[in-house]
Amino acid sequence: MNYQVVIMGAGVAGMTAALVLAKNGVKVAVVDKNSRQKQSFGECVHGTIQPILSELNLFEQFCRDGHFELQGYEVDWDREGRYERNLIASPYGTGWILNRERFDNSLFRAALAAGVDFFWNTRLIDIGRDNNKWQLQLKSTERVFPNTNQKQYLTASYIVDATGRARVLTRKLNIAEKKADALMACCTYLHHDGSGLMGKQTAVIKSSPNGWWYLAPFSQTMATLCFFTDNDLAMPKSHSALLHQANELTYLNPYLAQCDLEKTTEFKAISSYSSCVASCVGEGWIAIGDAACSYDPLSSYGITSAMGSAYYGATAIVQAMTQEQDSLAQYQQLMHEQFLTYVIDKNKEYQRVTHYDTDFWKRRQY
């Protein structure tokens, strides 16, 4: 099967890029190793996401989907102690705590309506390049291909790596990456009744000796709880272990007291380190989202950055197809400049925390 662009990864970045490309008349396919129903935890986005949603004609649907308006943060981070950061005074207005299932479904439906082909439960086995065309050998666990061994070749002029920190494509192409840290997120869901503190539509951020905590309601009945630490330090391995650690913090106790802690046992450990590849573009390929540059969740850059890089990356491909070759170099420069600025800001934020004499925080005092 022949496509102009094949995108590896059906996350926020992959689906955004597919939508942009399809709207520009490009024949595009998205390949993802998982099924369409994936577990994604709610996260905060700031008002800066509105322009790109509007550009993609998705903002009205976004409003209809009923994402929680993020009014601000309850923060206990450094020696200043507990304080509130109100987003109403922000020049971009309030943000949102996403219901990721609704958000991802909205992107998927828009991409599907634009003519994008999706291949779920499908892995990249091998890749080669001949006569300015990529040939991708894929294998699926579903009967999406007509032959019995479920192997198939797709050809494309461009391949997009949107596989997140896994970087399936760039690693096969031996593109170097630089990690700034070894952060991991240990996450679970919480059920609550929407009253009291859990009904305030604020996200809670709390530093602790071996990392930091994030708690945020993303619906009238559900919230996300995450603990962030380095992958070589002690970390909870289960839902119950995560809750046990959280309950040891008096700061979180009033929030947890309003939750039915035994109603779910879902747990997931997710890589959350900051990193950047040496090059985001090459001959016939481009990396977007976390596959290009990944951001610490403390920044709330994740979703907005993924959509932004996907939009500009896909636009650069469209321009390159019309012989505007400088577009890819400009995309590369944009991504690296943004990442360098982010690293400076991230380091400043972590360096504010000086009241813990532990490995996690000592590593960040440079």
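Select H239 first: in this predicted model, H239 is buried, with a relative accessible area of 6%. That is well within the buried class because the cut-off is under 20%. The residue sits in helix α6.

Now show whatever touches H239. Skipping the neighbours within four places in sequence, you should pick up T188, Y189, L261, T264, T265, E266 and F267. For a sense of scale, draw a C-alpha to C-alpha distance from H239 to V26: the two are 44 Å apart in space and 213 residues apart in sequence.

**Widen to helix α6**

Select residues 239–247, which is the whole of α6. Which residues of this helix are buried? They are H239, L242, L243 and A246. Look down the axis and you'll see why they belong together: these buried residues cover an arc of only 95°, which puts them on the same side of α6. Swing round to the other side of α6 and colour S240 and H244, which are exposed.

What covers the buried residues of α6? Bring up strands β14 (183–192), β16 (211–217) and β17 (222–230), along with helix α7 (253–256); the cover includes each of these. T188 and Y189, already on screen as contacts of H239, have numbers that fall in the β14 range, 183–192.

**Over to H67**

Next, select H67, in the loop between α3 and β4 (68–70). Is H67 buried or exposed? At 8% relative accessibility, H67 counts as buried. Show its contacts, again leaving aside neighbours within four places in sequence, and you get F62, W96, I97, L98, N99, R102 and F103. If you want another distance on screen, try H67 to I205: C-alpha to C-alpha they are 20 Å apart, with their positions 138 residues apart in sequence.

**Two asparagines in loops**

Go to N57, in the loop between α2 (50–55) and α3 (59–64). Check the backbone here: N57 has a positive phi of about 60° although it is not a glycine. Turn on the surface and N57 counts as exposed, at 63% relative accessibility.

Then jump to N132, in the loop between β9 (122–130) and β10 (133–140). N132 also isn't a glycine, and its phi is positive, at about 60°. With 54% relative accessibility, N132 counts as exposed.

**Zoom out**

Finally, select the protein chain and switch to cartoon. How many helices and strands are there? You have ten helices and 23 strands to find. Along its principal axes, the C-alpha trace spans about 65 × 40 × 40 Å. The radius of gyration is 21 Å, which agrees with the value near 21 Å that a compact globule of 366 residues would have.

Colour by burial and 55% of the 366 residues come up as buried. Contacts are worth a look too: among those between residues at least 6 apart in sequence, 70% join residues at least 24 apart.

For a last view, put the surface on. The accessible surface comes to about 16200 Å², and 49% of that belongs to carbon and sulfur atoms. Colour the charges as well: there are 35 positive and 37 negative side chains, and the centres of the two sets lie 5 Å apart.

Note on methods
Residues are numbered from 1 along each chain as its sequence is written. This is a predicted model: local features need pLDDT of at least 70, side-chain atom pairs count only at pLDDT 80 or more; totals for chains, interfaces and linings use all residues. Side-chain values use heavy atoms; hydrogens and water are left out. Buried means under 20% relative accessible area, exposed over 50%, partly exposed in between (1.4 Å probe, protein chains only). Helices (H or I, at least four residues) and strands (E, at least two) are DSSP runs, numbered from the N terminus. The arc is that of the directions from the helix axis to the C-beta atoms. Contact means heavy atoms within 4.5 Å. The radius of gyration is taken over C-alpha atoms; the globule rule is 2.2 Å times the number of residues to the power 0.38. Accessible areas come from the Shrake-Rupley method with a 1.4 Å probe; for residues, only the protein chains shown count as cover. Lys and Arg count as positive and Asp and Glu as negative; His and the chain ends are not counted. The place of a charge is taken as NZ of Lys, CZ of Arg, CG of Asp or CD of Glu.
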